[in-house]
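Student: I have a new structure open and would like to learn how to read it. Could you walk me through a few features, one by one?

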Amino acid sequence: MANSQLLAPELSEAETMGAETARFEELLLQASKELQQAQTTRPESTQIQPQPGFCIKTNSSEGKVFINICHSASIPPPADVTEDELLQMLEEDQAGFRIPMSLGEPHAELDAKGQGCTAYDVAVNSDFYRRMQNSDFLRELVVTIAREGLEDKYSLQLNPEWRMLKNRTFLGSISQQNIRSKQRPRIQELGNLDTPDSRRDEEGPEKPHLNLWLEAPDLLLAEIDLPKLDGALGLSLEIGENRLVMWGPQQLYHLDAYIPLPINSDESRAAFHRKRKQLMVAMPLLSTPS
């Protein structure tokens with residue numbers, strides 16, 4: 001369904017970064033407000049019992065800190081990419097790869113010397129954990145992301161230096177954790193999911209990079225990289241229930257992507273970010289019968 005009202009005014013380069021961020025957040029709030037209200041009566045979480053994996057030791061200004069890296073089949077896996085592909089994504093500073101984690105609450109424990117310390121349980125998908133066991137690179141990555149996640153969630157400053165305990169798979173006891181229930185599948189890097197009939201003509205428009213992810217169970221966000229554009233003039237965007245189609249001015253760009261989730265096209269909104277040269281799209285999802 002074509003909708004000429006989808007494209008909001010540009011985010012001006014003259015605006016401050018704070019104002020730009022607030023502008024886009026306001027855009028997302030407008031798209032998701034009714035959905036958030038509708039979700040208040042839904043069960044939002046379910047309890048899981050993570051299984052022990054390995055334990056690392058580090059410290060903060062408060063003292064010793066132990067992180068139990070655990071796993072559960074109830075946690076969704078990350079996108080299935082090779083280590084070479086992942087390394088390239090990290091080198092290019094792409095934010096498209098995410099490792100779903102459940103960060104547990106801090107619990108007071110005693111270390112091997114009987115001294116007080118703090119432990120945290122961090123759970124990842126069980127299949128991904130088994131893959132991680134055979135990869136030092138993935139293990140380092142998971143520990144780094146877990147440490148940064150705990151720092152952000154609990155306002156900590158953890159020492160980036162750490163070591164793995166050799167004879168203990170966890171410290172203390174691993175508690176149950178609450179995770180979102182009925183969470184939709186996380187979507188990564190959907191820029192290559194074009195319709196079967198689409199072909200790229202080397203002389204024709206360029207297909208831009210699309211990064212797509214779930215910000216909430218009922219809100220899909222997209223970033224479309226348009227480095228050749230300085231503004232939204234000439235951009236057209238059409239969103240159907242399972243399609244996102246974009247044309248750039250003078251046929252510079254063309255994107256026709258199949259989205260395997262039902263989109264509420266009437267409530268979708270978009271804005272062009274001039275400094276990042278990205279088209280940002282907020283797409284609420286249609287509710288499906290339970």
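Student: Let's begin with one residue. Where is the place of Arg147?

Tutor: Keep in mind that this is a predicted model. Arg147 lies in helix 4, which covers residues 136–154.

Student: Is Arg147 buried or exposed?

Tutor: The idea is to compare relative accessibility with a cut-off: buried means under 20%. Arg147 has 13% relative accessibility, so this residue counts as buried.

Student: Which residues is Arg147 in contact with, leaving aside neighbours within four places in sequence?

Tutor: Apart from those neighbours, Arg147 contacts Leu158, Asn159 and Pro160.

Student: And which residues in helix 4 are buried?

Tutor: Arg147 has company there: the buried residues of helix 4 include Leu138, Leu141, Val142, Ala146, Leu150 and Tyr154. Arg139 and Glu151 are also among them.

Student: How far does helix 4 reach from its first C-alpha to its last?

Tutor: You can set the span beside what is expected at 1.5 Å a residue. Helix 4 has 19 residues and reaches 27 Å, close to the expected 27 Å. Just after this helix, Ser155 takes a positive phi of about 55°.

Student: Now to the strands. How many residues of strand 6 are buried?

Tutor: Here is the general idea for strands first. In a regular strand, side chains alternate between the two faces of the sheet. As for strand 6 (residues 116–125), eight of its 10 residues are buried, so this strand is largely enclosed by the rest of the structure.

Student: How many bridges join strand 3 to strand 6?

Tutor: Strand 3 (residues 63–72) runs parallel to strand 6, and eight bridges join them. One bridge to look for pairs Cys70 with Ala123 of strand 6.

Student: In which sense do strand 4 and strand 6 pair?

Tutor: Strand 4 (residues 102–103) pairs with strand 6 in the antiparallel sense, over two bridges. Leu103 has Val122 of strand 6 as its bridge partner.

Student: What about strand 5 and strand 6?

Tutor: Strand 5 (residues 107–110) is antiparallel to strand 6, with four bridges. Leu110 is the bridge partner of Gly116 in strand 6. Strand 5 and strand 6 form a hairpin with five residues between the strands, where Gly114 takes a positive phi near 80°.

Student: To finish, how many helices and strands are there in the chain?

Tutor: The chain has four helices and 15 strands. Of its 290 residues, 43% are buried.

Terms used
Residues numbered from 1 in each chain as written. Predicted model: local features only at pLDDT ≥ 70, side-chain atom pairs only at ≥ 80, totals over all residues. Heavy atoms only, no water. Buried < 20%, exposed > 50% of the residue type's maximum accessible area, 1.4 Å probe, protein only. Contact = heavy atoms within 4.5 Å. Pairing = 2+ DSSP bridges. Expected span 1.5 Å × (residues − 1).
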